[in-house]
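Here is a quick tour of one structure, taken a piece at a time. Have the sequence and the 3D view open as you read.

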Amino acid sequence: METAAAPARERKRQRQSEGGAVPSMTAVGGGEAQYVYLPIADALKAHGVRVCIFAAVSEIGAAFHSRGTDFTRTLRVSDQSRSTGISVTFFANDTALLPCVRSSGDVISLHNVKITSYHGEFFVTFDKKSSSFALFEGKASTESRPYQTSMKYHGSKHDDEILTNMRMWLMYPPPEGVGLKDLELQLRSVQSDLTFDLVCKVLHVYAAPSGEWIFYVWDGTDIPTTELQTCLNTEAFTPAPLHLEEVPLPREVLCTLPSIGTILRIFSNKFCKEITHLQRDIYWARFCNITCKQEFGIWKGTLPPSSRVRLLSDEDGSVVERLKMYESRVSTKVHRQPMAGLHKAFDFTDVKFKRAGYTTLMESLTDKRVTHKLKTLVRVVSAFPCQGSDLHSLLTSNKYCLRLTLEDPTARIHAYVCKDDLVRC
């Protein structure tokens with residue numbers, strides 16, 4: 001029997017060494033597991049072998065149903081050895097079992113994952129039966145306990161030291177580091193032809209007939225006013241709000257948009273995998289390496305070929321910061337006014353109902369009432385007719401009407417001044 005059993009044990013050991021071996025875990029005194037974490041650059045050399053990795057999360061994918069019975073999510077992680085990172089794909093029977101990363105820049109510990117390749121690109125595969133993970137807060141924390149672990153995860157006594165080193169790298173990265181904090185701007189600080197990162201909420205995605213994708217994004221701030229055009233003819237301007245695209249937004253979509261803060265349209269000629277998730281639900285995202293310019297007096301964002309879109313969780317530090325700023329803004333009447341509008345408007349305006357608060361154009365456009373009276377602070381972009389002789393003709397005729405194009409940070413509209421109102425103006 002010993003002679004018959006020996007070959008069977010030998011075949012079992014051979015199968016383990018070929019596919020199931022775990023060279024990154026050893027046993028120490030007292031039975032405690034000791035994990036050996038490989039830098040990502042070294043792990044890529046161990047193709048097909050199970051390894052352990054300690055890395056920072058740079059991109060967070062959405063959870064969705066795979067082609068089979070599982071749910072899946074993809075993260076991109078990086079470390080000192082490979083700042084460009086590598087993708088990690090997770091599978092689980094329930095979305096609650098997938099990693100729920102609070103913020104990009106958090107740290108993840110991966111045990112017994114396998115390096116594989118597809119079409120020449122390396123990525124990490126997480127096996128729900130044998131792999132495990134733990135998530136830790138990023139550079140701003142000193143907490144050593146993970147905020148989420150998979151059921152099979154077991155840490156070791158050296159994890160705290162590795163976690164501290166990872167946080168130090170995140171706090172003081174080299175110039176070619178993780179790249180989580182490049183030139184990051186809010187909409188209120190946008191400049192023409194400047195490449196920057198934008199953390200924003202994607203409110204709507206539109207597939208234009210021209211083949212372009214249009215992202216409607218918002219961060220709660222007001223974009224700077226554009227330069228006034230030399231041509232005063234109102235026909236040169238887009239009349240309706242948010243209508244740079246060929247087909248206006250349906251009113252049911254328009255009414256879901258925030259009424260305070262600019263909504264910027266970002267145009268892209270290429271499809272990215274994040275679009276599928278952004279069409280299903282509203283996410284915060286980081287648009288990396290985008291540019292903006294003024295077109296027909298309206299700001300327009302563009303995604304060059306080098307740009308990327310990274311989904312963010314609601315607990316991401318950048319997201320929380322922007323939500324706090326917005327909540328602070330809407331809590332007072334003064335801050336609700338356009339931040340990039342006319343300075344000291346009260347010094348040169350004479351209005352009725354001085355006690356009434358200012359309303360944005362978007363608040364009026366989405367109001368359910370047929371007739372909505374409001375007090376607002378806007379900029380006159382153009383007028384039609386615009387020549388003095390034409391205005392005189394309007395005043396002397398029986399029927400006259402002046403059409404103005406008005407804008408504030410939330411919308412651009414046509415306004416009609418008719419009959420006696422024109423005389424009072």
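## Helix 6 and its start

Which side-chain oxygen reaches to the backbone nitrogen of Ser 318 at the start of helix 6? That would be one from Asp 316, which comes to within 2.9 Å of the nitrogen. Keep in mind throughout that this is a predicted model.

Helix 6 itself runs over residues 317-330, which makes 14 residues. From its first C-alpha to its last it reaches 20 Å, close to the 20 Å expected at 1.5 Å a residue. Its buried residues are Ser 318, Val 319, Arg 322, Tyr 326 and Arg 329. These cover an arc of only 100° around the axis, so they sit on the same side of helix 6. Turn to the face pointing away from that buried side and you'll find the exposed residues Lys 324 and Glu 327. Ser 318 thus turns up twice: its backbone nitrogen takes part in the Asp 316 approach, and the residue is on the buried list.

## Helix 3

Now for helix 3, residues 159-171. How far apart are its end C-alpha atoms? They are 18 Å apart, which agrees with the 18 Å that 13 residues should span at 1.5 Å a residue.

The buried residues here are Asp 159, Leu 163, Met 166, Arg 167, Trp 169 and Leu 170. Look down the axis of helix 3 and they fall within an arc of 160°, so they line one face of the helix.

There's also a link in space to a loop. Glu 143 lies between strand 9 (132-136) and strand 10 (148-149), and its C-alpha is 9.7 Å from that of Thr 164, with the two positions 21 residues apart in sequence numbering. Is Glu 143 buried, partly exposed or exposed? Its relative accessibility is 30%, so it counts as partly exposed.

## A three-stranded sheet

What is the strand order in the open sheet of 3 strands? It goes 18-19-20, and the pairing is antiparallel. Strand 18 (379-384) and strand 20 (411-418) are the edge strands, each pairing on one side only. From one strand to the next, the twist averages 25°.

Zooming in on one pair, strand 18 and strand 19 (residues 401-408) are joined in the antiparallel sense over 5 bridges. If you want a place to look, try Ser 382, whose bridge partner in strand 19 is Thr 405.

## Cysteines without a disulfide

How many disulfides does a search of the whole structure find? The count is 0. Cys 292, for one, is in no disulfide; the nearest cysteine sulfur belongs to Cys 200 and is 10.0 Å away. A disulfide would need the two sulfur atoms within 2.5 Å.

Cys 292 has a relative accessibility of 1%, so it counts as buried. Cys 288 is buried too, at 6% relative accessibility.

## Two asparagines with positive phi

Two backbone spots are worth a look. Asn 112, in strand 7 (residues 107-118), has a positive phi of about 60° although it is not a glycine. Asn 289, in strand 15 (residues 283-295), also has a positive phi of about 60° without being a glycine.

Which burial class does each fall into? Asn 112 counts as buried, because its relative accessibility is 11%. Asn 289 counts as partly exposed, because its value is 29%.

## Two more buried spots

Arg 310 is in strand 17 (residues 308-312). With a relative accessible area of 11%, Arg 310 is buried. What is its side chain joined to? A polar contact of 3.3 Å links it with the side chain of Glu 59.

Ile 223 belongs to the loop between strand 13 (213-218) and helix 4 (251-254). Despite the loop setting, Ile 223 is buried, with a relative accessible area of 8%. Its C-alpha is separated by 6.0 Å from that of Thr 262, though the two residues are 39 apart along the chain.

Definitions and conventions. Residues are numbered from 1 along each chain as its sequence is written. This is a predicted model: local features need pLDDT of at least 70, side-chain atom pairs count only at pLDDT 80 or more; totals for chains, interfaces and linings use all residues. Side-chain values use heavy atoms; hydrogens and water are left out. Buried means under 20% relative accessible area, exposed over 50%, partly exposed in between (1.4 Å probe, protein chains only). Helices (H or I, at least four residues) and strands (E, at least two) are DSSP runs, numbered from the N terminus. The expected span of a helix is 1.5 Å times one less than its number of residues. The arc is that of the directions from the helix axis to the C-beta atoms. A polar contact is a pair of N or O atoms within 3.5 Å; within protein, one must be able to donate a hydrogen and the other to accept it, and residues adjacent in sequence count only if both atoms are side-chain atoms. Two strands pair if DSSP finds at least two bridges between them. Axes are lines fitted to C-alpha atoms, for helices over the stretch in contact, and angles run from 0 to 180 degrees between N-to-C directions.
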